[in-house]
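I opened my notebook to go through a structure that is new to me. Here is what I looked up, entry by entry.

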Amino acid sequence: MGFSNGPRLLDFKSSPPHLQFNKFVLTGYRPISTYRECLQSLFYMHNEFGNIYTHGIPFLFFLLFLPLNIPWSEVDWWICVVHYLACLSPTVGSVLYHLFMNHEGGASVYNTLLSLDMFGVCLVNTLGALPIVHITLLCYPSSRCAAMLAYLLLSLYGIHCAVTARSNVNRLRSFAWQALFRLFLFMLRWIGPGTGSPASLRLYLTMDSLALLGGLVNISRIPERFSPGRFDYWLNSHQIMHMLVILSILYLHWGMLEDLSWITSFQCPAE
Ligand SMILES: [Zn+2]
């Protein structure tokens with residue numbers, strides 16, 4: 001199978017119990033490994049290979065190219081920093097989770113890495129939205145502070161739910177309150193009195209739709225449930241979710257770029 005000599009791969013039934021989370025992926029499981037062996041699995045084919053690279057390559061791409069795109073000197077520096085960290089965070093935790101999930105530390109290492117992966121998703125939900133809150137309520141400083149605080153509290157609750165969740169359904173549900181809050185912000189932009197670039201609203205709605213779709217695909221185990229074993233290496237539900245997450249981050253970024261160029265030429269009306 002691979003392009004370099006890896007260890008003999010395991011099938012679902014002979015893989016470690018904590019790695020048996022998708023019964024429609026039948027083959028390609030890496031054996032229990034040391035750190036070094038996990039790193040070596042970057043160079044041969046197995047059933048986490050696609051998951052590692054669908055977030056690993058975008059991570060490097062975002063790390064290097066987003067800074068060239070962000071207007072650091074034209075707007076408040078904190079917005080740029082928070083936005084940059086938001087775009088990077090979900091891919092970091094994900095790559096570590098998928099690369100080291102078969103580490104010899106067993107279920108406890110696996111669970112720690114899964115929490116780290118979920119924490120990255122929580123961070124993009126939290127940090128990604130704070131500049132949106134700021135810009136939507138730009139002319140209402142006290143409401144803006146209250147909304148930021150409310151969003152942070154919802155985020156803390158979401159993080160707690162996400163890292164303690166025991167199923168993919170509950171993991172997705174952890175993000176519901178933050179998503180509803182964002183929807184409320186988008187309504188404010190649409191009907192007023194919220195502010196922001198008119199072009200970014202559509203981009204943010206696309207961002208949230210893609211993220212939700214990714215979560216639903218991941219829960220539904222489509223397409224592999226219809227043909228178990230056929231999507232072990234490529235294009236299973238988790239990989240499709242990874243790609244939808246990357247697209248969603250791109251839409252966040254494009255929406256924020258619109259907002260950041262809008263903010264430089266906007267003045268709140270005088271009281
Ligand atoms: Zn993943």
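Is Arg-221 buried or exposed? I looked it up: Arg-221 is buried, at a relative accessible area of 12%. My cut-offs are under 20% relative accessible area for buried, over 50% for exposed and partly exposed in between, with a 1.4 Å probe and protein chains only.

Before going on, a note on what I am looking at. This is a predicted model, in which local features need pLDDT of at least 70 and side-chain atom pairs count only at pLDDT 80 or more, while totals for chains, interfaces and linings use all residues. Residues are numbered from 1 along each chain as its sequence is written, and side-chain values use heavy atoms, with hydrogens and water left out.

**Entry: the loop between H8 and H9**

I stayed with Arg-221, which sits in the loop between H8 and H9. Helices here are DSSP runs of H or I with at least four residues, strands are E runs of at least two, and both are numbered from the N terminus. Arg-221 has a positive phi of about 60°, though it is not a glycine. I found another positive phi in the loop between H8 and H9, at Leu-235, where the value is near 65° and the residue is again other than glycine. Leu-235 counts as partly exposed, at 48% relative accessibility.

I also checked Pro-223, which belongs to the loop between H8 and H9. The peptide bond leading from Ile-222 to Pro-223 is cis, with omega near 10°. Elsewhere, I noted a cis peptide bond between Gly-192 and Pro-193, with omega about 5°. Pro-193 is placed in the loop between helix H7 (176-191) and helix H8 (198-220).

**Entry: the zinc ion**

Which protein donors does the zinc ion have? I found His-98, His-238 and His-242, each through NE2, lying 2.1 Å from the ion. Donors are N, O and S atoms within 2.8 Å of the metal (3.2 Å for Na, K and Ca), and since water is not among the atoms, sites may look incomplete. Along the chain, the donors follow the spacing H-x139-H-x3-H. His-98 lies in helix H3 (residues 77-100) and His-238 in helix H9 (residues 237-263), so this pair ties together parts 140 residues apart in sequence. I looked up burial too: His-98 is buried at 1% relative accessibility, and His-238 is buried at 16%.

**Entry: H2 against H9**

Next I followed H9 to its contact with helix H2 (residues 49-69), where the two axes come within 9 Å and cross at roughly 10°. The axes are lines fitted to C-alpha atoms, for helices over the stretch in contact, and angles run from 0 to 180 degrees between N-to-C directions. That makes H2 roughly parallel to H9. In my key, angles under 35 degrees are roughly parallel, over 145 roughly antiparallel, 65 to 115 roughly perpendicular and the rest oblique.

Contact means heavy atoms within 4.5 Å. From H2, the residues making the contact include Thr-54, His-55, Pro-58 and Phe-62. From H9, they include the zinc donors His-238 and His-242, and Met-243 and Ile-246 are also among them. By class, I noted nine nonpolar, nine polar and no charged residues in the contact of H2 with H9. Ala, Val, Leu, Ile, Met, Phe, Trp, Tyr, Cys and Pro count as nonpolar, Asp, Glu, Lys and Arg as charged, and the others, Gly among them, as polar.

**Entry: cysteines**

How many disulfides does the structure hold? I found one, where a disulfide is a pair of cysteine sulfur atoms within 2.5 Å. Cys-139 and Cys-268 form the disulfide, with their sulfur atoms 2.0 Å apart. The torsion about their S-S bond is about -90°, so the disulfide is left-handed. Cys-139 is in the loop between helix H4 (107-136) and H5, and Cys-268 is in the segment after H9, 129 residues apart. Cys-139 is buried at 17% relative accessible area, whereas Cys-268 is partly exposed at 35%. Cys-122 is in no disulfide, and the nearest cysteine sulfur, that of Cys-161, is 9.1 Å away. Cys-122 is buried, at 1%.

**Entry: Ala-162**

Last, I looked at Ala-162 in helix H5 (residues 141-164), which counts as buried at 1% relative accessibility. Leaving aside neighbours within four places in sequence, Ala-162 is in contact with Met-118, Cys-122, Arg-171, Ser-174 and Phe-175.
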